[in-house]
Amino acid sequence: MLLVAPVLVACASPSVPDQYYLLSPMVQPVSASGSSSVIGVGPVTIPSYLDRSTIVTRSAANRPEVNSGYRWAEPLGENINRVVMDNLDRGGVASRLEVFPWTSRDQVDWQVVVDIDQFERQADGNVILTARWKLVHFQSGEILAAAKYNKVSTPNDSTIEGTVIAMSTLLADLTREIATRIP
């Protein structure tokens, strides 16, 4: 009986509910340029260690930390893709946006491809986004622009919410960099 009592007490104690987070698009829209281009966004790829429902940070250079209780409200890759599209839409760089894989293949003028290598809070508290992106003329396959993005943002505080806000800021900056190259 004495052995079972601690187990029953642990089961009866209230559990803390999971907290859910989403990356957010830019707050301030950029003035529209009146472009008539159709932009296809995707694929956007992320490393498999980030492709999980729980938010991953780093406690050391080679030690990812899975933060149980802190979850993405949707798959991270889908959230990134949606935010990039929303940021481009707010930037007015296209007449229409299509998500990969699109069905209107003949109508896409430019394809934005993003491969994320690193996107998490580091042991020092800063958030890093390292990605490779390219802008491809969809019909010809010609690469108009390609670059590596590697920037760090310092969150306002050490909370997961502060981390997600810093991640959203970096994603907005990456999107602005891509948008400047779209004809």
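Helix 2 and helix 3 (residues 160-179) pack against each other with their axes 9 Å apart, at an angle of about 55 degrees. The two helices are therefore oblique to each other, since an angle of that kind falls outside the ranges counted as roughly parallel, antiparallel or perpendicular. The crossing of helix 2 and helix 3 is right-handed. On the helix 2 side, the residues that take part are I80, V83, V84, N87 and L88. On the helix 3 side, they are L171, A172, T175 and A179. By class, this contact holds 7 nonpolar residues, 2 polar residues and no charged residues. The model described here is a predicted one.

The rest of the chain gives the setting for this helix pair. The chain has 3 helices and 8 strands. Along the sequence, these elements follow the pattern α-β-β-β-β-α-β-β-β-β-α. Of the 183 residues in the chain, 44% are buried. Among contacts with a separation of 6 or more, 66% are between residues 24 or more positions apart.

Within helix 2, V83 is a residue to look at in detail. V83 belongs to helix 2 and appears in the list of residues that meet helix 3. Is V83 buried or exposed? Its relative accessible area is 0%, so V83 is buried. Leaving out residues up to four places away in sequence, V83 touches L23, S24, P25 and L171. Of these, L171 is one of the helix 3 residues in the packing described above. A further link in space is with S168: the C-alpha atoms of V83 and S168 are 8.4 Å apart, although the two residues are 85 residues apart in sequence.

The next residue to consider is R82, also in helix 2, which spans residues 76-91. R82 has a relative accessibility of 36% and therefore counts as partly exposed. The limits that apply are under 20% for buried and over 50% for exposed. Which residues does R82 touch, not counting those up to four places away in sequence? They are L22, L23 and E74. L23 is also touched by V83. With E74, the side chain of R82 forms a polar contact of 2.7 Å. R82 can also be placed relative to V99: their C-alpha atoms are separated by 8.3 Å, and the two residues lie 17 residues apart along the chain.

V99 leads to strand 5, which covers residues 96-99. E98 lies in this strand. With a relative accessible area of 16%, E98 is buried, because the cut-off for burial is under 20%. The side chain of E98 is joined to that of R96 by a polar contact of 2.7 Å.

A last stop is strand 3, made of residues 54-60, where T54 is found. T54 has a relative accessible area of 9% and is therefore buried. When neighbours within four places in sequence are left aside, the contacts of T54 are with V66, N67, S68, Y70, R71 and W72.

Note on methods
Residues numbered from 1 in each chain as written. Predicted model: local features only at pLDDT ≥ 70, side-chain atom pairs only at ≥ 80, totals over all residues. Heavy atoms only, no water. Helix = DSSP H or I, 4+ residues; strand = E, 2+ residues; numbered from the N terminus. Buried < 20%, exposed > 50% of the residue type's maximum accessible area, 1.4 Å probe, protein only. Contact = heavy atoms within 4.5 Å. Polar contact = N/O pair within 3.5 Å; in protein donor to acceptor, adjacent residues only side chain to side chain. Axes fitted to C-alpha atoms, helices over the stretch in contact; angles between N-to-C directions. Parallel < 35°, antiparallel > 145°, perpendicular 65-115°, else oblique. Left-handed = near helix turned anticlockwise from the far one by under 90°. Nonpolar A, V, L, I, M, F, W, Y, C, P; charged D, E, K, R; others polar.
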